[in-house]
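Me: I should like to go through the terms used for this complex one by one. For each, please set the value against the criterion and then conclude.

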Amino acid sequence: MKRKLETSELIFKIISYTLLTVFALCCLYPFVYAVSASISGRSAVEYGSVVLFPKDVQFDAFARMFGDNMFWNAYSNTLFLTLYGTLWSMLTAILGAYALSKRRLLFRKFFNFFLVFTMWFSAGIVPQYLNYLATKKVFTAAGITDDKWLVVIAMGMAAMNIILLRNAFEGVPSEIEEAAVVDGATEFQVLSKVYIPMSKSTIATVALFFAISRWNGYFWARQMISNSNEHPLQVFIRLRLEQYTDPEAMAGWNEAFAADSVIYALIVCSIVPILIIYPFIQKYFAKGVNVGGVKE
Amino acid sequence: MKDRAADFLEFDHASGAYRISPEQAVRDDVEKHYWRHVGAAIIKDWRLYVMLVPMLLVFLFWRYFPMYELLGCFKVSDSVVPVSEQLFSGFSYFRRLLVGGDQLSTDFWRAMRNTFILSFYGLCFGFPIPIILALFFNEIRSNAARSVYQVLTYLPKFMSTVVMTSLVTMLVKQGSLTTGMGIVSQALSGLGFVTPEVANAGLLNNPAFFRSIYQISGIWESAGYDSIVFFAAIIAISPTSYEAAQIDGADKMAQMRYVVLPSILSTIVIMLITRIGSLLNIGYEKVLLLYNTNTYVTADVVSTFANRISGMAGTGTSAGTGIAAAEMMNNVIGMLLVIGANTIARKASNTSLY
């Protein structure tokens with residue numbers, strides 16, 4: 001009896017380790033390959049002889065990209081969108097979630113439904129596009145010609161994140177708020193001195209969600225930002241990919257490195273900053289999924 | 001037993017008759033002057049309502065106004081004329097899409113079918129794999145080793161859709177006279193999964209491979225990250241449960257069946273509801289970035305269809321806002337799915353999302 005137990009445990013353990021190792025290596029491999037291909041010589045990349053480690057190492061593809069003003073432009077546009085976009089989303093979300101968390105708020109059910117309904121039903125791409133076009137006209141009339149502000153203000157709000165914040169605020173014991181009110185705190189002081197410090201980790205998680213969706217935003221940025229100097233990194237990467245994988249456009253390519261290496265270098269450059277901050281944000285990232293699973 | 005009248009009447013000893021109680025007088029007053037009381041409450045707490053305003057405006061302008069634009073589906077649609085001034089034309093766009101009999105209708109049905117198939121495959125393959133991964137993670141007793149495995153499997157989640165699709169495009173790209181094909185295409189043809197000719201023509205140009213590429217890249221991207229929530233549920237199981245099962249002679253499979261599965265069932269149900277709710281809301285961005293004219297047969301989904309036909313994508317064709325009818329049907333079915341899944345889950349296991 002005891003023996004049978006141990007065998008089944010052992011078999012399962014071996015299977016677990018084997019499959020996990022295979023899966024983990026599959027997850028890792030494309031990144032290793034991207035790095036190797038970005039710094040390998042032209043013929044090695046073009047004839048597919050780079051498999052794992054770089055061959056005929058060159059750094060010209062990186063140099064080419066770092067010398068491209070559009071690249072730095074795109075990077076700073078992405079930082080702009082991420083910074084201001086996250087600030088704007090957090091400002092509206094925290095204020096709204098705080099009000100929604102209060103039982104004394106009238107029509108609270110209606111306001112909650114107003115939010116949750118947008119999670120169930122979306123008008124779709126075409127009406128949204130027409131709506132953004134109309135917004136763009138209003139913004140232009142108001143003198144805001146930089147389309148980045150349109151992206152910052154009009155896009156990227158998510159009902160789910162507000163609900164996460166609302167739930168965190170509801171979890172703050174009301175006695176603490178009452179004590180603060182007795183001491184003469186105003187509504188804004190209660191929010192900034194009691195609620196925000198007491199739900200720091202949820203706020204960090206939600207800010208991270210907003211920041212990631214801003215950093216990754218592609219479709220609407222491409223549709224709505226007409227000036228190519230204002231394009232964020234994601235749009236820049238995609239446009240370069242379309243250009244560099246087009247055989248006709250690349251027919252006259254006569255550099256010492258492959259056109260593919262530039263794309264791989266671009267991919268590496270867009271992942272590296274995230275890998276650098278990954279250790280600091282990982283715990284909020286993991287936490288976010290768990291709070292996301294339990295609502296209401 | 002107390003008279004029901006006593007709820008709102010009380011005996012007045014001075015006049016020797018019943019009169020309306022003070023509590024009921026307040027209730028009557030609230031009922032009579034409801035809006036005056038609401039106004040007073042709002043004025044008293046005005047700061048709270050001011051805080052709510054920015055959020056409500058954002059949702060009103062950029063979530064609800066587009067729904068108003070959907071009225072274009074029921075009108076003689078022309079994007080030059082505002083929706084409010086267009087003529088009502090009933091369900092002509094819906095009819096044209098559903099039973100039009102022309103190319104538009106055929107393409108719509110193809111997109112609808114592709115949307116269902118892509119989501120359904122996503123549910124079949126994308127949903128169980130994170131659970132299995134979580135079970136495997138649980139087998140690794142060393143914390144350090146487990147962290148390494150977890151970090152490696154979460155890694156792809158940190159790429160944006162654009163970077164992920166760019167990487168996929170490069171890995172399976174076509175070969176030409178002067179350049180070789182992508183490294184994954186090379187491996188697949190080397191292992192005999194596809195013929196070298198097919199691999200050389202580019203797997204993303206071949207409609208037969210689009211669904212596999214879409215699902216495999218999806219699993220690669222998010223299986224590790226999606227397993228977090230299940231793993232959290234598994235490590236919350238008390239070790240005594242396993243010990244009790246072992247004393248009763250349960251082997252590994254029996255422990256899975258009688259200890260682990262019941263403990264994580266509610267998490268699975270919640271995640272399944274979320275999944276079913278977003279079943280038809282598949283990531284159009286990813287499809288848009290991976291498909292091309294060669295693969296419309298298997299890749300075109302309702303959102304990308306509407307995007308292309310509406311003329312938004314600069315393809316020259318313009319069907320106006322009426323084409324939003326396609327997405328509207330898709331999204332209404334999606335909404336019914338989420339409400340339905342939630343109702344069933346509430347009835348079956350008392351686990352509900354909304």
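**Contacts, confidence and classification**

Reply: To begin with chain B, contacts between residues at least 6 apart in sequence include 60% that join residues at least 24 apart. The model is a predicted one, and 39% of the 354 residues of chain B count as buried. Chain B holds 17 helices and two strands.

Me: What confidence does the predictor give to the complex and to each chain?

Reply: The complex receives an ipTM of 0.88 and a pTM of 0.85. For chain A the mean pLDDT is 87, with 94% of residues scoring at least 70. For chain B the mean is 83, and 90% of residues reach 70 or more.

Me: Where in chain A is confidence lowest, and where is it highest?

Reply: Helix H14 (residues 259–293) of chain A has the lowest confidence, at a mean of 78, whereas H4(A) has the highest, at 95. Over residues 292–296 of chain A the pLDDT is below 50, and this stretch has nine contacts in the model beyond near neighbours in sequence.

Me: Why is Asp56(A) called partly exposed?

Reply: A residue is buried at 20 or more other C-beta atoms within 10 Å and exposed at 12 or fewer. Asp56(A) has 15 such neighbours, so it falls in between and counts as partly exposed. Its place is in the loop between helix H2 (42–46) and helix H3 (60–66) of chain A.

Me: What makes the backbone of Asp56(A) worth a remark?

Reply: Most residues other than glycine have a negative phi. Asp56(A) is not a glycine, yet its phi is positive, at about 50°. Phe107(A), also a residue other than glycine, has a positive phi near 55°.

Me: Where does Phe107(A) lie, and is it buried, partly exposed or exposed?

Reply: Phe107(A) is in the loop between helix H4 (69–100) and helix H5 (108–120) of chain A. It has 13 other C-beta atoms within 10 Å; the limit for an exposed residue is 12 or fewer, and therefore Phe107(A) is partly exposed.

Me: Why is Leu71(B) not called buried?

Reply: Leu71(B) has 16 other C-beta atoms within 10 Å, and a buried residue needs 20 or more, so Leu71(B) is partly exposed. Leu71(B) is in the loop between helix H3 (46–69) and helix H4 (92–99) of chain B. Leu71(B) and Gln86(B) are 15 residues apart in sequence and 9.4 Å apart in space, C-alpha to C-alpha.

Me: How do you know that E1(B) and E2(B) pair?

Reply: Pairing requires at least two bridges; four join strand E1 (residues 9–12) to strand E2 (residues 17–20) of chain B, and therefore the two strands pair. They run antiparallel. Within this pairing, Glu10(B) has Arg19(B) as its bridge partner, and Leu9(B) has Ile20(B). Four residues lie between the strands of the hairpin, where Gly16(B) takes a positive phi near 70°.

Me: Which residues of helix H9 of chain B are buried, and what follows that helix?

Reply: In helix H9 (residues 183–190) of chain B, the buried residues are Ile183(B), Val184(B), Ser185(B), Gln186(B) and Leu188(B). H9(B) is followed by Gly192(B), which has a positive phi near 85°.

Me: Which residues touch the most other members of the largest nonpolar core?

Reply: That core has 152 residues, and Tyr98(A), Leu165(A), Ile267(A) and Ala306(B) touch the most other members. Helix H11 (residues 207–235) of chain B gives the most to this core, with 13 residues. At least three residues come from each of domain 1 (18–60) and domain 2 (107–349) of chain B. The centres of these two domains, taken over C-alpha atoms, are 48 Å apart.

Me: What does Leu165(A) touch?

Reply: Leaving aside residues up to four places away in sequence, Leu165(A) touches Ala93(A), Ile94(A), Ala97(A), Thr202(A) and Val206(A).

Me: How many residues does each chain bring to the contact, and what is the make-up of the chain A side?

Reply: Chain A brings 80 residues and chain B brings 76. On the side of chain A that touches chain B, helix H1 (residues 2–38) of chain A supplies the largest share, 18 residues. The residues of that side divide into 52 nonpolar, 17 polar and 11 charged.

Conventions
Residues are numbered from 1 along each chain as its sequence is written. Chains are lettered from A and ligands numbered from 1 in the order in which they are written. This is a predicted model: local features need pLDDT of at least 70, side-chain atom pairs count only at pLDDT 80 or more; totals for chains, interfaces and linings use all residues. Domain bounds come from an automatic or database domain assignment. A nonpolar core is a set of buried Ala, Val, Leu, Ile, Met, Phe, Trp, Tyr and Cys residues joined through C-beta atoms within 7 Å. Two residues are in contact if their C-beta atoms, placed from the backbone, lie within 7 Å. pLDDT is the predictor's confidence in each residue, from 0 to 100. Ala, Val, Leu, Ile, Met, Phe, Trp, Tyr, Cys and Pro count as nonpolar, Asp, Glu, Lys and Arg as charged, and the others, Gly among them, as polar.
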